[in-house]
Amino acid sequence: LAAMRPCRALASLRRRSIPDRRAAAPAGRPVVAPIRLMGPADRWSGPPTPPAGVRRGLASTAKPASASRVPVGLKRAATLCVLKHKERFLLLKRSKDPHRGLYTPVGGKLEPHETPMRAAVRETYEETGIALEHMKFCGTLTETSPGDYNWILFTCLAEIEDVEPPPCDEGILEWIRYDEIKELPTPTTDWFVYKYLMENKPFAFCATWDARLDHLTLFEEIEGQMVFSNEANENR
């Protein structure tokens, strides 16, 4: 504990030394997350290396690889990183599975011992080259199917500057107006995510899918209402 006190004091000093950009924003204007476009020489360094004692402690309690496999049907954790500028969203037309050919936010799986917020910042950087200082947690999307497709997605939002869409290894990034999204191929669940974000409403969505990954239902837990139901697929 004594060894940790200087670290806490240093963190406190850093917090005091960072200017509060939100306080300086003019009234009525959205807070824009500071960004920096990264070049090829920049690398995501990952979380700080823990002290040796912490690493040994984790190693001593680690389970064999065979015992840590995720059973079929157990939900895995990932992030949806929504990048927005006023009425437009920076969306990825995916060239890889899942959702190949559809427009989605960037995002990806959480790494071991990683928090959802840190994962969102990391995934945003890795897929767009945009380095964010912070994002806003907005809600969750839980997806359930009878097969291997079972996820809980932590949705984070950043209001960013109007930048040129950067290149991405996962597909093509494009700025899409909110009122144009319905005309594009996009997962049904994502449309409701954008809708609640535009209305500045928190959400806890629960989606169900059949074995062929056709979307069946979408229930919002906070308001307690079914926002989507595909009765034809449910009765099949």
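How many residues lie between β7 and β8 in the hairpin that they form? The answer is six, and this hairpin is a convenient place to enter the structure. The model is a predicted one, in which local features need pLDDT of at least 70 and side-chain atom pairs count only at pLDDT 80 or more, while totals for chains, interfaces and linings use all residues. Residues are numbered from 1 along each chain as its sequence is written, and side-chain values use heavy atoms, with hydrogens and water left out.

The chain has six helices and twelve strands, taken as DSSP runs numbered from the N terminus (helices H or I, at least four residues; strands E, at least two). Of its 236 residues, 36% count as buried, where buried means under 20% relative accessible area, exposed over 50% and partly exposed in between (1.4 Å probe, protein chains only). The chain exposes about 14500 Å², and carbon and sulfur atoms supply 56% of that area; accessible areas come from the Shrake-Rupley method with a 1.4 Å probe, and for residues only the protein chains shown count as cover. Among contacts with a separation of 6 or more, 63% involve residues 24 or more positions apart, a contact being heavy atoms within 4.5 Å.

Strand β7 (residues 136-144) can now be followed to its neighbours. It pairs with β8 (residues 151-159) in the antiparallel sense over seven bridges, pairing being called when DSSP finds at least two bridges between two strands. Within this pairing, L141 stands opposite L153 in β8. Strand β7 is also joined by six bridges to β10 (residues 203-209), and these two run parallel; here T144 has T208 of β10 as its bridge partner. Beyond β10, L213 sits in the loop between β10 and β11 (215-220). L213 is partly exposed, at 40% relative accessibility, and touches S145 and Y149, residues up to four places away in sequence not being counted. Its C-alpha is 9.1 Å from that of P146, although L213 and P146 are 67 residues apart in sequence.

Helix α5 (residues 188-198) is largely enclosed by the rest of the structure, because eight of its eleven residues are buried. Those eight are T189, D190, W191, F192, V193, Y194, Y196 and L197. Just after the helix, N200 takes a positive phi of about 55°.

The largest nonpolar core, a set of buried Ala, Val, Leu, Ile, Met, Phe, Trp, Tyr and Cys residues joined through side-chain atoms within 4.5 Å, has 26 residues, of which F89, L91, L141, I181, L197, F203 and F205 touch the most other members. Two or more residues come from each of β2 (76-85), β3 (88-94), β7, β8, α5 and β10, and α5 gives the most, with six. F203 has contacts that include C138, G139 and T140, as well as V193, Y196 and L197. A second, separate core of 17 residues includes L90, V121, L132 and C168.

What of the cysteines? A search of the whole structure finds zero disulfides, defined as pairs of cysteine sulfur atoms within 2.5 Å. For C138, the nearest cysteine sulfur is that of C156, 7.1 Å away; for C156, it is that of C81, at 6.5 Å. Both residues are buried, C138 with a relative accessible area of 10% and C156 with 1%.

The same kind of search finds 15 salt bridges, each a side-chain nitrogen of Lys or Arg within 4 Å of a carboxyl oxygen of Asp or Glu. K84 and E159 form one, with the closest N and O atoms 3.0 Å apart; it links strand β2 to strand β8 across 75 residues, and both partners are buried. K96 and E170 form another, at 3.8 Å. K96 lies in the loop between β3 and β4 (103-104) and E170 in the loop between β8 and β9 (171-177), so this pair ties together parts that are 74 residues apart in sequence.

Helix α4 (residues 116-128) holds T124, which is buried with a relative accessible area of 0% and has contacts including C81, L83 and V106. In α4, E126 and R122 are four residues apart, about one turn of the helix, and form a salt bridge with closest N and O atoms 3.1 Å apart. An α-helix has 3.6 residues a turn, so residues three or four places apart point the same way. E126 is partly exposed, at 43%, whereas R122 is buried, at 2%. Both belong to a salt-bridge network with E111, E114 and E123.
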